[in-house]
Amino acid sequence: MSIDVDTVSDLIRDVSARVIDPRFRALHDHQIHQKKPGDFVTDADRQAERELGAAVTKYAGGVVVGEESAFADPAILDAVPDADLAWVIDPIDGTKNFVHGSVDHGIMLAQLSRGETVRGWIWQPQYGHMWFAEHGAGVTCDGDEVTRGDAHCPIRAATTHEAYKIASPGVEWRMAKWCCAVDYPLVCLGETDVTVYQHSYLWDHLPGALMVREIGGVVRTVDGAEYGPRETSGKLVVAADEGAYERVARLLR
């Protein structure tokens with residue numbers, strides 16, 4: 001069973017409006033938990049994942065994997081690469097930001113078929129922007145086509161890891177947003193040329209990786225492996241073009 005883009009977008013907005021937005025800057029201590037020190041999860045994350053997963057499968061079926069369910073049972077990730085239809089959910093990307101009252105958080109959803117990301121959504125509730133990409137059909141933000149120009153000189157590179165900020169006359173380092181749902185759109189818009197990540201979890205990267213590739217960028221490990229559900233190890237370099245990727249990846253090898 002197919003499900004149209006606008007229906008999915010409406011489902012995401014609905015879950016956000018009912019489950020996430022009312023708790024923004026209104027969380028109680030008992031609604032905030034840590035999976036490990038510094039790795040936050042809230043009651044809103046868990047409820048949003050359950051409700052969005054149930055909603056998309058009601059319309060279209062398929063395998064559903066969310067960040068919180070995968071944390072509880074990592075083995076469920078094994079079904080994603082070979083499924084005819086799979087949904088990967090990040091119910092609140094940037095949970096730490098959300099907990100601390102930062103507007104830089106979002107909901108991310110990827111639709112996959114046989115290991116390929118075919119569609120991706122990023123909803124930024126505090127900015128009111130819905131980002132969408134479809135394989136081979138480009139990227140839109142609130143329905144408007146997104147394009148970007150060439151990388152800057154020096155290259156604008158972002159990361160949250162100080163150890164990655166290796167000095168180079170051709171690279172200008174800055175702090176990333178601690179939120180893939182914001183960082184990836186910044187690459188698409190041309191505000192940032194490269195973002196480097198330590199981890200490559202599917203829920204954090206699949207929707208944004210599709211978007212960056214659709215605007216002509218690349219998403220690879222520092223060793224050159226193309227990122228996807230079968231390649232989830234190693235430092236990840238998200239770049240607006242080949243030149244920016246090579247410049248930063250060489251620094252990190």
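Guide: A residue is called buried when its relative accessible area is under 20%, exposed when it is over 50%, and partly exposed in between, using a 1.4 Å probe and protein chains only. In this chain, buried residues make up 54% of the 253 residues.

Visitor: On what kind of model does such a statement rest?

Guide: This is a predicted model, in which local features need pLDDT of at least 70 and side-chain atom pairs count only at pLDDT 80 or more, while totals for chains, interfaces and linings use all residues. Residues are numbered from 1 along each chain as its sequence is written, and side-chain values use heavy atoms, with hydrogens and water left out.

Visitor: How many helices and strands are there in the chain?

Guide: Helices (H or I, at least four residues) and strands (E, at least two) are DSSP runs, numbered from the N terminus. The chain has seven helices and 14 strands. Its radius of gyration is 17 Å, close to the 18 Å that the globule rule gives for 253 residues, so the chain is as compact as a globular protein of that length. The radius is taken over C-alpha atoms, and the rule is 2.2 Å times the number of residues to the power 0.38.

Visitor: Into which domains is the chain divided?

Guide: Domain bounds come from an automatic or database domain assignment. Here they give domain 1 (5-146) and domain 2 (155-252), with C-alpha centres 20 Å apart. Contact means heavy atoms within 4.5 Å. By that criterion, 38 residues of domain 1 are in contact with 21 residues of domain 2.

Visitor: Why is helix 5 described as largely enclosed by the rest of the structure?

Guide: One counts the buried residues of the helix. Nine of the ten residues of helix 5 (residues 180-189) are buried, so this helix is largely enclosed by the rest of the structure. Among them are Cys180, Tyr184 and Cys188. Just after helix 5, glycine 190 takes a positive phi of about 90°.

Visitor: Which residues other than glycine have a positive phi?

Guide: Two cases may be examined. Arginine 114 has a phi near 50° and lies in the loop between strand 5 (106-113) and strand 6 (116-124). Tryptophan 178 has a phi of about 60°, and its place is in the loop between strand 11 (171-175) and helix 5. Arginine 114 is partly exposed at 49% relative accessibility, and tryptophan 178 is partly exposed at 48%.

Visitor: Where is a cis peptide bond found?

Guide: Such a bond is read from the angle omega. A cis peptide bond, with omega about 0°, joins cysteine 153 and proline 154. Proline 154 sits in the loop between strand 9 and strand 10 (155-159).

Visitor: What does aspartate 142 touch, not counting residues up to four places away in sequence?

Guide: Aspartate 142 touches Gly128, His129 and Met130 under that condition. This aspartate is found in the loop between strand 8 (138-141) and strand 9 (144-145), and its 38% relative accessibility makes it partly exposed. Aspartate 142 and tryptophan 123 are 19 residues apart in sequence and 9.8 Å apart in space, C-alpha to C-alpha.

Visitor: Is glutamine 34 found in a strand or in a helix?

Guide: Glutamine 34 belongs to strand 1 (residues 32-36). With a relative accessible area of 47%, glutamine 34 is partly exposed. Not counting residues up to four places away in sequence, glutamine 34 touches Asp39 and Phe40.
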